[in-house]
Amino acid sequence: MTIIRYSQLVMPQDANVLGTLFGGQMVSWMDISASKAVHRFLKDSEADAALTRAIDAIEFKETVNVGDWVNFEAKIISTGNSSIIIQIDAYRETKALEKTLACTAKFTFVSVRKENGIYKKINHKKSI
Ligand SMILES: CC(C)(COP(=O)(O)OP(=O)(O)OC[C@H]1O[C@@H](n2cnc3c(N)ncnc32)[C@H](O)[C@@H]1OP(=O)(O)O)[C@@H](O)C(=O)NCCC(=O)NCCS
């Protein structure tokens, strides 16, 4: 199963009031890393893009600090007619820690095509 990688350095503007990584920022980066996997999957398909339909089973397992790196691993675990399910694992990296699992979630994207200015779901006719 192909793993798609994406990384972010945690900057001061990414922090919450406690000074650790804001959860909403983590989810936003996970969404981007899922979209990178979906972008690769939909190459040569009839879909214009895919939209985030659902986010399930999100778990924040470890805090992440300003100055840490977060390394995201995205894996497409299943596909339906229009849906694409992506597992995202976010690993914290510090000077001392090489890789510790900080956050996990399952994203569902839906393949869409623009028709009369509106994005509508389509059968992407692809599977993993
Ligand atoms: C994405 C969108 C076009 C899908 O259209 P829809 O008519 O709602 O589609 P459906 O409810 O039939 O669901 C489409 C697929 O998602 C799956 N699905 C729907 N709800 C789901 C859920 N809660 N969890 C997991 N999968 C779900 C369906 O089973 C279906 O899969 P399949 O085609 O592989 O069988 C529409 O819901 C939409 O525009 N949502 C807003 C998207 C958005 O703005 N996202 C945030 C920014 S990216």
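Thirteen is the count to start with: 13 residues surround the ligand, and Ala-54, Gly-80, Asn-81, Ser-82 and Ser-83 come nearest. A residue counts as near a molecule or strand if its C-beta atom, placed from the backbone, lies within 6 Å of it. This is a predicted model, in which local features need pLDDT of at least 70 and side-chain atom pairs count only at pLDDT 80 or more, while totals for chains, interfaces and linings use all residues. Residues are numbered from 1 along each chain as its sequence is written.

Now the chemistry of that shell. Five of its residues are nonpolar, six polar and two charged. Here Ala, Val, Leu, Ile, Met, Phe, Trp, Tyr, Cys and Pro count as nonpolar, Asp, Glu, Lys and Arg as charged, and the others, Gly among them, as polar. Strands S2 (49-60), S5 (100-115) and S6 (118-121) each supply at least two residues of the shell. S2 gives the largest share, four residues.

Step back to the whole protein. It has one helix and six strands. From the N terminus on, their order is β-α-β-β-β-β-β. Helices (H or I, at least four residues) and strands (E, at least two) are DSSP runs, numbered from the N terminus. The C-alpha atoms fill a box of roughly 45 × 30 × 25 Å along the principal axes. Of contacts between residues at least 6 apart in sequence, 70% join residues at least 24 apart. Two residues are in contact if their C-beta atoms, placed from the backbone, lie within 7 Å.

The helix comes next. H1 (residues 23-41) has 19 residues and reaches 27 Å from first C-alpha to last, close to the 27 Å expected at 1.5 Å a residue. That expected span is 1.5 Å times one less than the number of residues. Buried residues of H1 include Met-26, Trp-29, Met-30, Ser-33, Ala-37 and Phe-41. An α-helix has 3.6 residues a turn, so residues three or four places apart point the same way. The cover over the buried residues of H1 includes S1 (4-9), S2, S3 (69-79), S4 (83-93) and S5. Across the protein, 28% of the 128 residues are buried.

Finally, take Asn-65, in the loop between S2 and S3. Why is Asn-65 partly exposed? Because 13 other C-beta atoms lie within 10 Å of its own; 20 or more would make a residue buried, 12 or fewer exposed, and partly exposed falls in between, with C-beta atoms placed from the backbone. Leaving aside neighbours within four places in sequence, Asn-65 is in contact with Val-10 and Thr-20. Its C-alpha atom is separated by 9.5 Å from that of Phe-22, 43 residues apart along the chain.
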